[in-house]
Amino acid sequence: MATSEELLTDYLQWLSIEKGRSSATIEAYKRDIESFLQWMKSQKLSVKKLSEADFEKYFNQLRKDGHADSSVARAMSSVRGWFGFMAEEGSISVDPTTRIVGGKRGRTLPKPLEESLMIRLLDSIPSETPSDLRDHALFELLYGTGARVSEVVGISLQDVDFDEELILVTGKGSKQRLVPMGKTLKGALRTYLTKGGRSEFPNAKQSTRLFLNARGGPLTRQGIDLIIHKRALPAGIEQSTISAHVFRHSCATHMLSHGADIRVVQELLGHSSISTTQIYTAVSITSLQKEYKSAHPRAH
């Protein structure tokens, strides 16, 4: 389990990279949430064990301490946004702030791309340069597995198993899971990993990471964001409508529309609710592969 500080860092990075919030706004969110964390520690509470009453107690304390209503509302918005983010990313199983009145939700699901637009984007990338091959494989992996961008940047060469058609992904709290490799993704990765692809990047032999940047270092979250925006325009897709998380959301949405069981999709995405709630049950990797191949648009 990641620490509260690490979870906060993830949220602030998400606000910066995917939501484009200004540094001043992010700093304000950080102050609000850090103040809440300090209070939480003073009460000997943990992120995973908070009730609605705990939040109400904290916000009432702010009012008693003389904070203006506008400041309290902003603090509520900051804290609720963070907990909504953690719940959606699977870091906590339930968002305890959903019924707290006041403050805007800091996070909303991005709209998935229409399937036809996603296919257009994936098929619009040429295959002329090493960067073309990398970007095509990257996009196929983002859409084909629904992996988080933070998970994708951590994938190593040894995590890709072409024989079993599986990729080992390390998610939140160092939890690992196996995700299926569809036919299109497998082909894109093989092309990228053969002559003219990854091997053409500087110092490729010295790095174990799957995706490299132009200097031969590991591709970062920010680097992936820039690549997505660069490739969106030639495909006729507005930059404001596409991000790494849109790939993840589109993967889930399109699989469900093709008849996939929601439990399979949640297992694929690595949501902790599969193991922490009684609503869903874990799915074996064999069943996951079978349903994935029948439901994902790019698996055939």
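Q: What is the mean pLDDT of the protein?
A: pLDDT is the predictor's confidence in each residue, from 0 to 100. The model is predicted, and 90% of its residues reach a pLDDT of 70 or more. Over the protein, the mean pLDDT is 84.

Q: Which element of the protein has the lowest mean pLDDT, and which the highest?
A: Helix H12 covers residues 273-276 and has the lowest mean pLDDT, 36. The highest mean pLDDT, 97, belongs to H6. The lowest is thus H12, and the highest is H6.

Q: How many contacts beyond four places in sequence does the model have for residues 273-284?
A: Over residues 273-284, pLDDT stays under 50. Where pLDDT is low, predicted coordinates should not be read in detail. For residues 273-284, the count of contacts beyond four places in sequence is 18.

Q: Which helix gives the most to the largest nonpolar core?
A: The largest nonpolar core has 53 residues. Phe139, Leu189, Phe211 and Phe247 have the most contacts inside this core. With seven residues, the helix that gives the most to the core is H6, residues 130-145.

Q: How many residues are in the other core, which lies apart from the largest one?
A: Among the residues of this other core are Leu7, Tyr29, Met40 and Met76. The core lies apart from the largest one, and its number of residues is 30.

Q: Which residue just after H11 takes a positive phi?
A: Helix H11 spans residues 262-269, and Val264, Val265, Gln266, Leu268 and Leu269 are buried in it. Just after H11, a positive phi of about 80° is taken by Gly270.

Terms used
Residues are numbered from 1 along each chain as its sequence is written. This is a predicted model: local features need pLDDT of at least 70, side-chain atom pairs count only at pLDDT 80 or more; totals for chains, interfaces and linings use all residues. Side-chain values use heavy atoms; hydrogens and water are left out. A nonpolar core is a set of buried Ala, Val, Leu, Ile, Met, Phe, Trp, Tyr and Cys residues joined through side-chain atoms within 4.5 Å. Buried means under 20% relative accessible area, exposed over 50%, partly exposed in between (1.4 Å probe, protein chains only). Helices (H or I, at least four residues) and strands (E, at least two) are DSSP runs, numbered from the N terminus. Contact means heavy atoms within 4.5 Å.
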